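Please walk through this structure with the sequence and the model side by side. The text below can be followed residue by residue.

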Amino acid sequence: MLRLLVLNGPNLNLLGTRQPEVYGSTTLAEVEAMCKALEGELEAEITCAQSNHEGVLIDHIHAAKGTMDGIVLNAGAYTHTSLALMDAIASVELPVVELHVSNIHAREEFRHKTYIGRVALGQICGFGPAGYPLALRALAGHLRSK
Ligand code: CA2
């Protein structure tokens with residue numbers, strides 16, 4: 001049984017409530033339900049968490065060492081700024097799939113830079129909320145192929 005963490009960062013609790021043209025109309029609760037619905041198919045226990053606080057996200061990443069096999073991470077705007085999150089990911093040596101609802105490369109220049117990308121297994125972006133199941137499938141496939 002794989003143990004997978006889906007971790008969402010700042011403002012993603014607002015998913016589905018504003019800017020639907022950028023982030024879609026699916027709420028975070030619906031995204032998390034979509035992720036949990038994959039538990040059977042992926043033979044995985046899927047845990048979801050969200051925080052608006054950088055330190056709390058780092059705590060989740062540290063706690064994942066030894067308790068999780070991999071992480072799907074949408075670090076929100078911390079993607080583009082946080083050396084601390086990058087270092088936390090590097091320190092736990094777990095595979096991380098970087099996920100973005102929007103296509104960060106087609107948006108403002110400041111969203112093109114990603115610190116998470118330097119330590120991630122790979123990145124999925126631009127597929128809206130449907131990116132979460134894609135990321136979980138990619139992560140589970142990677143872990144099973146090891
Ligand atoms: O596309 C993504 O998933 C992002 O990680 C979302 C972040 C943004 O800063 C990144 O550049 C790309 C922002 C999350 C804000 O989420 C909202 C959702 C609905 C309404 C307002 C904000």
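What follows starts at the pocket and then turns to the ligand and its contacts.

The model is predicted. A useful place to begin is the largest pocket, which holds about 360 Å³ of space. This pocket is lined by 18 residues, and P10, N11, L12, Y23 and G76 are the ones closest to its centre. By residue class, the lining consists of 8 nonpolar, 7 polar and 3 charged residues. In this count Tyr and Pro are taken as nonpolar and Gly as polar, so P10, L12 and Y23 belong to the nonpolar group and G76 to the polar group.

Where is the ligand? The ligand sits in this largest pocket. Its shell is made up of 17 residues, with N74, H80, V101, S102 and R111 the closest. The shell residues comprise 8 nonpolar, 7 polar and 2 charged. R111 is one of the charged residues, because Arg is counted as charged.

Three of the closest residues can be followed down to single atoms. The side chain of H80 places an N or O atom 2.7 Å from an oxygen atom of the ligand. For N74, a side-chain N or O atom is 2.8 Å from a ligand oxygen. In the case of R111, the distance between a side-chain N or O atom and an oxygen atom of the ligand is 2.9 Å. Each of these pairs is a polar contact, because the cut-off is 3.5 Å. On its own the ligand has 510 Å² of accessible area, and the protein covers 95% of that area.

Key:
Residues are numbered from 1 along each chain as its sequence is written. This is a predicted model: local features need pLDDT of at least 70, side-chain atom pairs count only at pLDDT 80 or more; totals for chains, interfaces and linings use all residues. Side-chain values use heavy atoms; hydrogens and water are left out. A residue is near a molecule or strand if one of its heavy atoms lies within 4 Å of it. A polar contact is a pair of N or O atoms within 3.5 Å; within protein, one must be able to donate a hydrogen and the other to accept it, and residues adjacent in sequence count only if both atoms are side-chain atoms. Accessible areas come from the Shrake-Rupley method with a 1.4 Å probe; for residues, only the protein chains shown count as cover. On a 1 Å grid over the protein atoms alone, a cavity is a set of points where a 1.4 Å probe fits but cannot get out, and a pocket is an open set with protein on both sides within 12 Å along at least five of seven lines; lining residues have an atom within 4 Å of a point. A molecule sits in a cavity or pocket if more than half of its atoms lie within 2 Å of its grid points. Grid points are joined across faces, edges and corners, and a volume is the space filled by probe spheres set on the points.
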